[in-house]
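This report describes the fold of one chain, helix by helix and loop by loop. The sequence and the structure come first, followed by the text.

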Amino acid sequence: MNFQNNTIVHLDLDTFFVSVERLMNSALIGKPVIIGGLSDRGVVASCSYEARKYGVHSAMPMRMALSLCGDATVIRGDMDRYSKYSRLVTDVIADCAPVYEKASIDEHYLDISGMDRFIGSYKWTHELRNRIISETGLPISFGLSVNKTVSKIATGEAKPNGEKEVPRDLVRPFLNPLPIKKIPGVGDKTRQLLHSMGVFTIHTLSDIPPEMIQHVLGKSGIDIWKKANGIDFSPVVRYSEEKSISTEQTFETDTIDIQMLERLLIHMTEKIAFKMRKKQKLASVITVKIRYANYDTHTLQKKIAYTSFDHILMSTTLELFRRLYERRMLIRLVGVKLGGLIGGVQQLDLFDNNDKMIKLYLSMDKIRMRFGSEAIHRASGVEKKEKQAEGRSVKKDNSRSVPLFITPINWNKNQKQFECFCR
Ligand SMILES: [Mg+2]
């Protein structure tokens with residue numbers, strides 16, 4: 001199949017978090033607005049075009065943003081609210097589109113190949129965009145072209161609140177004059193490297209032999225070169241709220257030991273949350289399952305704001321388990337499932353102001369990447385007796401610290417596990 005003959009739409013909400021805040025408070029319309037962490041170490045998660053004029057952009061330290069644009073209204077984000085609006089948009093798209101992918105909290109790809117036979121693709125997408133705007137009140141832009149990369153770049157050119165179609169024969173003329181930073185995946189580092197070689201436009205980049213780009217940028221160089229040439233065979237991956245990451249455990253002997261079950265559920269959640277972060281996903285639905293000794297099986301699920309943070313997922317897992325386990329009967333199996341997955345990294349939780357927490361996650365995941373998923377885990381997922389017998393006791397000197405358990409590399413039962421507290 002030749003994907004280049006496909007018709008792919010990229011839909012992206014404009015300054016999504018800001019737009020949602022403006023729905024709540026119309027006084028913010030037309031003013032510079034910054035969403036992000038309010039503390040000294042906070043970071044900009046999203047900002048309005050009025051703030052961008054001053055040079056403010058996302059991922060910038062809040063302090064710098066405010067020195068550039070002192071008049072900006074700063075709002076601490078609300079992921080619950082943004083998740084709700086994100087779902088509203090997805091619902092409209094799901095109602096109209098044959099195949100769509102939810103790429104992030106504010107982005108969707110649609111494969112509408114073949115639609116031209118019945119109705120013009122552009123007209124159809126234009127109507128869909130209007131419907132999203134009228135049903136949600138949120139501004140949104142789209143690009144329409146032959147593949148995901150070109151459509152995404154087209155959306156970028158259509159913003160704010162616009163639409164752009166790039167027909168097959170105009171892909172090259174459209175891409176050529178654009179600066180290389182417009183290619184998805186070209187970050188600051190790659191851009192600087194290419195600039196130092198005198199490569200500024202997509203046209204220049206596309207003319208360089210691919211082997212040379214690979215030599216300079218490594219394997220990802222080929223990918224970037226292909227994108228510069230308008231080549232992208234990646235398919236639109238059908239979104240399904242059912243798609244999930246899960247784990248379950250059956251007991252050799254049925255149990256009623258609640259403390260053990262809760263510790264196990266914490267450990268299981270921690271494990272699948274790590275798996276999810278490795279895939280750069282965020283979850284929005286948690287399901288807990290229990291099977292009683294008589295094989296009666298019950299599940300309970302809860303929708304949550306998009307997250308990949310253990311501490312949020314774990315508390316929901318426990319809450320569901322406590323609501324679910326009401327029969328005081330022996331349990332044969334427990335399971336946890338994370339669903340409603342979309343692409344994204346935990347930056348979305350930046351408004352928690354908790355950069356220490358983010359650093360803790362990054363460090364724990366680094367250890368897991370190197371030494372395996374069991375190398376480090378929360379002390380709350382470990383049995384008490386085990387802790388006393390094998391752990392080195394470290395006095396907890398701050399009630400807000402997170403107790404961790406570190407298993408030394410090549411750990412065997414004769415060695416000690418180290419318990420430490422991270423603040
Ligand atoms: Mg967006």
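Ile 112 sits in the loop that runs between strand E6 (107-111) and helix H5 (121-136). The model is a predicted one. Is Ile 112 buried or exposed? Ile 112 has 22 other C-beta atoms within 10 Å, and a residue counts as buried at 20 or more, so Ile 112 is buried. Once its neighbours within four places in sequence are set aside, the contacts of Ile 112 are Thr 7, Val 9, Ala 97, Pro 98, Ser 121 and Trp 124. Thr 7 is 105 residues away from Ile 112 in sequence, but the two C-alpha atoms are 5.5 Å apart in space.

**The chain as a whole**

The chain contains 15 helices and 17 strands. It has 423 residues, of which 37% count as buried. Taking the contacts between residues at least 6 apart in sequence, 63% join residues at least 24 apart.

**Helices H1 and H4**

Two packed helices are described by the angle between their axes and the distance between the axes. For helix H1 (residues 16-24) and helix H4 (residues 79-96), the angle is about 95 degrees and the axes are 10 Å apart. H1 is therefore roughly perpendicular to H4. On the H1 side, Phe 16, Phe 17 and Val 20 make the contact, and on the H4 side Arg 81, Tyr 82 and Tyr 85 do. By class, the residues of this contact are five nonpolar, no polar and one charged.

**Helices H6, H10 and H11**

H6 (148-158) is mostly covered, with nine of its eleven residues buried. Those buried residues are Lys 148, Thr 149, Val 150, Ser 151, Lys 152, Ile 153, Ala 154, Thr 155 and Ala 158. They pack against strand E1 (8-13), E6, strand E7 (140-145), E8, H7 and H11.

Helix H11 (residues 219-228) has Gly 221, Ile 224, Trp 225, Lys 227 and Ala 228 as its buried residues. Seen down the axis of H11, these fall within an arc of 160 degrees, so they line one face of the helix. The partners of the buried residues of H11 are H6, helix H7 (171-175), helix H8 (188-196), helix H9 (202-207) and helix H10 (210-217).

Gln 214 belongs to helix H10. It counts as partly exposed because 16 C-beta neighbours lie inside 10 Å. Apart from neighbours within four places in sequence, Gln 214 is in contact with Lys 219, Gly 221 and Ile 222. Between Gln 214 and Trp 225 there are 8.6 Å from C-alpha to C-alpha, and the two are eleven residues apart in sequence.

**Helix H12**

Helix H12 (residues 258-278) has 21 residues. Its first and last C-alpha atoms are 30 Å apart, close to the 30 Å expected at 1.5 Å a residue. The buried residues of H12 are Leu 265, Ile 266, Met 268, Thr 269, Glu 270, Ile 272, Ala 273, Phe 274 and Arg 277.

**Backbone details**

Most residues other than glycine have a negative phi, and most peptide bonds are trans. The table lists residues with a positive phi.

| Residue | Phi | Place |
|---|---|---|
| Asn 161 | about 50 degrees | loop between H6 and E8 |
| Gly 230 | about 75 degrees | just after H11 |
| Gln 280 | near 55 degrees | following H12 |
| Tyr 295 | near 75 degrees | loop between strand E10 (281-292) and strand E11 (297-307) |

Asn 161 and Tyr 295 can also be placed by their surroundings. Asn 161 has 15 C-beta neighbours inside 10 Å and so counts as partly exposed. Tyr 295 has 8 other C-beta atoms within 10 Å and is exposed.

Which residues does a cis peptide bond join? The bond joins Lys 159 and Pro 160, and its omega is about -5 degrees. Pro 160 lies in the loop between helix H6 (148-158) and strand E8 (163-165), and Asn 161 is placed in the loop between H6 and E8 too.

Conventions:
Residues numbered from 1 in each chain as written. Predicted model: local features only at pLDDT ≥ 70, side-chain atom pairs only at ≥ 80, totals over all residues. Helix = DSSP H or I, 4+ residues; strand = E, 2+ residues; numbered from the N terminus. Expected span 1.5 Å × (residues − 1). Buried ≥ 20, exposed ≤ 12 C-beta atoms within 10 Å, placed from the backbone. Axes fitted to C-alpha atoms, helices over the stretch in contact; angles between N-to-C directions. Parallel < 35°, antiparallel > 145°, perpendicular 65-115°, else oblique. Contact = placed C-beta atoms within 7 Å. Nonpolar A, V, L, I, M, F, W, Y, C, P; charged D, E, K, R; others polar. Arc of directions from axis to C-beta.
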